[in-house]
Amino acid sequence: MTLTITPTGATLGAIVTGVELANLDDARWADIERAFLAHAVLIFPSQHLSEAAQIDFGRRFGNIEHLVADREIVPISNQRVDGTILKDDEPGLQLMRGNEGWHTDSSYMPLAAKASVLSAHVVPSAGGQTEWADMRAAYDALDEETKARIAQLSAYHSLYYSQGRIGHKGVVGSSYGFHTGEPPLRPLVKVHPVTGRKSLFIGRHAYGIPGLAPEESEKLLDRLVAFACQAPRTYCHAWRPGDVVVWDNRCVLHRARPFDYREPRVMKHTRVSGEPASELAVPNAQIAP
Ligand code: OGA
Ligand code: MN
């Protein structure tokens, strides 16, 4: 099999074929890791990974973050195991609705995510794509005045904030990610721990920039997301069952695209923890070993 890495044409993303992720040797892994760092989003069509194989692939990138209890892979789905569909006001569905806003995974946790692996199992007849936006290219494209303005700014990140903004009141301890401690504070400009490239670290969980009034902060953060998440920095993937995608949460935002929620959409997600040296939030970094 010949490994083929085809860039999407956007500033991020590549389609990778000629590799079986379930049988990855170290040489192939090295190729994939290099491509991951270069393209930030890798799309592997038609892999049909078992849950165990998806977790093993995630482990290549680092430690697995446990989103629910001790689970290393979780469904992102509007369908229960008995086949019935979640109702609008159920927490699972509200989280899926939340995923339709641009975000980076686990930025609201003390240790933000490094990577996420998502696979498609059941896809709706229309919509339900996933889209990614390149925060490296977005940072580069900012005018000098904005770069100077944000250079020393940080924002808090909270899933209570982002879900609250779409009308979902998270119940303490109700499900993954409703971190009940002090919300993490993170610089708006992140330096990638491997490539050294600067990127915008923003998204829907970010709020409350210290030193700015709440409305000013919201306005600036909304403006940055709107500017950043535009062509040629975005790539949208229309899923087919069996596809697997991995992305670099340290330098991309992503969002789910809407679909008719009366139809089932079943995805499986494995999340890889960041490194304490680079993904631990500011107040926590001071107490890190
Ligand atoms: C996620 C996520 C988007 C989607 O799994 O973290 O944001 O398209 N998913 O399901
Ligand atoms: Mn996500």
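Let me start at the metal. The manganese ion (ligand 2) takes its protein donors from His 103 (NE2), Asp 105 (OD) and His 254 (NE2), at 2.1 to 2.2 Å. Donors here are N, O and S atoms within 2.8 Å of the metal (3.2 Å for Na, K and Ca), and water is not among the atoms, so sites may look incomplete.

Before going on, the ground rules. This is a predicted model, in which local features need pLDDT of at least 70 and side-chain atom pairs count only at pLDDT 80 or more, while totals for chains, interfaces and linings use all residues. Residues are numbered from 1 along each chain as its sequence is written, chains are lettered from A and ligands numbered from 1 in the order in which they are written, and side-chain values use heavy atoms, with hydrogens and water left out.

Back to the manganese ion (ligand 2): along the sequence, its donor residues follow the spacing H-x1-D-x148-H. Asp 105 sits in the loop between helix H3 (91-98) and strand S6 (113-122), and His 254 is in strand S15, so this pair links distant parts of the chain, 149 residues apart. Helices (H or I, at least four residues) and strands (E, at least two) are DSSP runs, numbered from the N terminus.

Are these two donors buried or exposed? Asp 105 counts as buried because its relative accessibility is 4%, and His 254 is buried too, with a relative accessible area of 5%. The cut-offs are under 20% relative accessible area for buried, over 50% for exposed, and partly exposed in between (1.4 Å probe, protein chains only).

Now the sheet that holds S15. It is open, with three strands in the order S13-S7-S15 and antiparallel pairing. At its edges are strand S13 (234-237) and strand S15 (252-256), each pairing on one side only. Two strands pair if DSSP finds at least two bridges between them. Strand S7 (residues 130-134) is joined to S15 by five bridges, and Glu 131 has Arg 255 of S15 as its bridge partner.

Next, the backbone. Ala 231 and Pro 232 are joined by a cis peptide bond, with omega about 5°. Pro 232 lies in the loop between helix H7 (214-228) and S13.

Which loop holds Ser 46? That residue is between strand S3 (41-44) and helix H2 (51-61), and its phi is positive, near 55°, although Ser 46 is not a glycine. His 48 lies in the loop between S3 and H2, also a non-glycine with a positive phi, about 50°. His 48 counts as exposed because its relative accessibility is 54%.
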